[in-house]
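Biologist: I have not looked at this protein before, and I would like to go through it with you step by step. Could you put it on the screen before I begin asking?

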Amino acid sequence: MPDTLDPHPSAFVAMANGAGNCRKQNGRVETRPCLEINFIPVPGTNDEQFQKDFPAYKDGLVYSNPGRYVVMPEYPKKAEIVYNLKPRPDDVYVLTFPKCGTTWMQELVWLVTNQCDFEKAKTPLNIRSPFLEMNYMLPKVLTDKYERDAIVYQTGIPGISKFLEILDYWNLRDVLRPHVKKLVNMVCGHVMRDVQEMEQMTETRIIKSHLPLYLLNPELLKTSKVVYVARNPKDVLVSYFHYHKLIHFHQFTGDLESFADYFMSDKVYASPFFPHLLDAWSKRHHPNLLFVFYEDLKRDLRGEIQKVVSFLGKSLSEEQLTKLTEHLRLDQFAKNEAVNYEVCKELGFMNNSGHFIRKGKTGDWKNHFSPELNAKIDLWIESNLQGTDLSFVTELDQQD
């Protein structure tokens, strides 16, 4: 992370000076850590070509300073709320750069933590394991739309869509927010928990996040377990390209070559890639952090499951371990309706032409890169890994 803050006249400020903010909790005054970060527009993301390639990003993107982590412009308004989610000793955080095996590891961790309760695991994963920052990334108009569509889809009640549209038209949704939230939770489950709802969870929390460690509560590693999953950048790039084509909100319209340019120049959500991984890699010897490579999961799924079991201080019988290994094999995993998010197509969140869980193959990049693009990416990787001891496996002779 850079040591100084860049001055910028149009920075989105999400910081507070001083030792901390205070709030009352059960009659006590509680001091919270301050997020000394501001957010600055990413240069070029309001230009004509970028807007053509990402038509849904009407306000461009912003990045954190220090750190340069790229987020949606909505996020800075709530960044400190996320930062102040208090970690618990029994929490397990699953952290990744996007498309590095997040969903795979979430399911693994949840099942290990819950003694392989495959019956309860039929509940959608996003209800069992909340996505920490998701509720704060999207523009309000989109979150309102997604809430409305989810209620309409789940209830099938005639006229409810029009009723919710009227609430939006008269700006009554915010006034009635607690009641709307209860309705969403009642008919859909806790699909998009906010921080307050995560604080109210009584069960062991398995929390997913794509945020780098410095945007999370500074007590996290001292308090909770963190499983960090890394994947080779070539396969991440290909998977992230297809993801941006699949998800309506990202709505990328360009080709792979142009997406690769945006990816390598840190103009996509959650970039930059290497600082995210290197920050976690530097903490890999911390007793509360387990650093896992996606390629190791592909090479020896059972062995990596055993590492996670040991790290979490759990134990599984041979029968449970065998069943869990089969449950997590990607050909089976992709068919699992609790994790594959196929329902999002019916809700209008995703295009019908692709899948959230795609191939998952190590080395699939070879089917996408031209020799020229591959050479360009090799140089980018080499320059970013220079002086580090981090390396990647980009091909496997055998994989699960």
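The questions and answers below go from the whole protein to its helices, strands and cores.

Biologist: How many helices and strands are there in the protein?

Modeller: Please keep in mind that this is a predicted model, and that every value I give is computed from it. The protein has 400 residues, and buried residues make up 53% of them. As for its elements, the count comes to 19 helices and ten strands.

Biologist: Among contacts between residues at least 6 apart in sequence, what share joins residues at least 24 apart?

Modeller: One pair can serve as an illustration, since Met-134 and Lys-208 are 74 residues apart along the chain, while their C-alpha atoms are separated by 9.6 Å. For the protein as a whole, among contacts between residues at least 6 apart in sequence, the share joining residues at least 24 apart is 74%.

Biologist: What distance separates the end C-alpha atoms of helix α3, and what span should its twelve residues have?

Modeller: Helix α3 takes in residues 102-113, and the expected span follows from a rise of 1.5 Å a residue. Because the span is counted over one less than the number of residues, the twelve residues of α3 should cover 16 Å. The expected and the modelled values agree, as the end C-alpha atoms of α3 are also separated by 16 Å.

Biologist: Is α3 mostly covered or mostly open, and how many of its residues are buried?

Modeller: The buried residues of α3 include Trp-104, Met-105, Leu-108 and Trp-110, and also Gln-106 and Glu-107. Just after the helix, Gln-115 takes a positive phi of about 50°. The helix itself is mostly covered, and the number of its residues that are buried is twelve of twelve.

Biologist: Why is helix α12 described as largely enclosed, and which helices do its buried residues pack against?

Modeller: Helix α12 runs over residues 256-264, and seven of these nine residues are buried, so the rest of the structure largely encloses this helix. Among the buried ones are Leu-256, Phe-259, Tyr-262 and Phe-263, and after the helix comes Asp-266, whose phi is positive, near 60°. The helices that the buried residues of α12 pack against are α1, α11, α13 and α19.

Biologist: Is Thr-325 buried or exposed, and which residues does it touch?

Modeller: Thr-325 is found in helix α16, which covers residues 318-328. Buried means under 20% relative accessible area, and Thr-325 has 3% relative accessibility, so this residue counts as buried. Not counting residues up to four places away in sequence, the residues that Thr-325 touches are Leu-301, Arg-302 and Ile-305.

Biologist: Which residues stand opposite Tyr-63 of strand β5 in β4 and β6?

Modeller: Strand β5, residues 62-65, is covered on both faces, with Val-62 and Ser-64 buried on one side and Tyr-63 and Asn-65 buried on the other. Four bridges join β5 to the antiparallel strand β4, and two bridges join β5 to the antiparallel strand β6. In the hairpin of β5 and β6, Gly-67 takes a positive phi near 105°. The residue opposite Tyr-63 from β4 is Ile-40, and the bridge partner in β6 is Val-70.

Biologist: Do β7 and β8 run parallel or antiparallel, and which residue stands opposite Lys-208?

Modeller: In strand β8, Ile-206 and Lys-208 point one way and Ile-207 and Ser-209 the other way, and all of these are buried. Four bridges join β7 to β8, and these strands run parallel. The residue opposite Lys-208 is Val-94.

Biologist: Which residues touch the most other members of the largest nonpolar core?

Modeller: Leaving aside its neighbours within four places in sequence, Leu-132 is in contact with Val-82, Leu-85 and Tyr-93, and with others including Val-195 and Ile-207. Apart from the largest core lies another, of 34 residues, among them Phe-118 and Ile-305. Of the 78 residues in the largest core, those that touch the most other members are Tyr-75, Phe-97, Leu-132, Phe-263 and Phe-273.

Biologist: How many disulfides does a search of the whole structure find?

Modeller: Two cysteines can be looked at beforehand: Cys-34 is buried, with a relative accessible area of 11%, and Cys-116 is buried as well, at 9%. For the whole structure, the number of disulfides found is zero.

Terms used
Residues are numbered from 1 along each chain as its sequence is written. This is a predicted model: local features need pLDDT of at least 70, side-chain atom pairs count only at pLDDT 80 or more; totals for chains, interfaces and linings use all residues. Side-chain values use heavy atoms; hydrogens and water are left out. Buried means under 20% relative accessible area, exposed over 50%, partly exposed in between (1.4 Å probe, protein chains only). Contact means heavy atoms within 4.5 Å. A disulfide is a pair of cysteine sulfur atoms within 2.5 Å. Two strands pair if DSSP finds at least two bridges between them. A nonpolar core is a set of buried Ala, Val, Leu, Ile, Met, Phe, Trp, Tyr and Cys residues joined through side-chain atoms within 4.5 Å.
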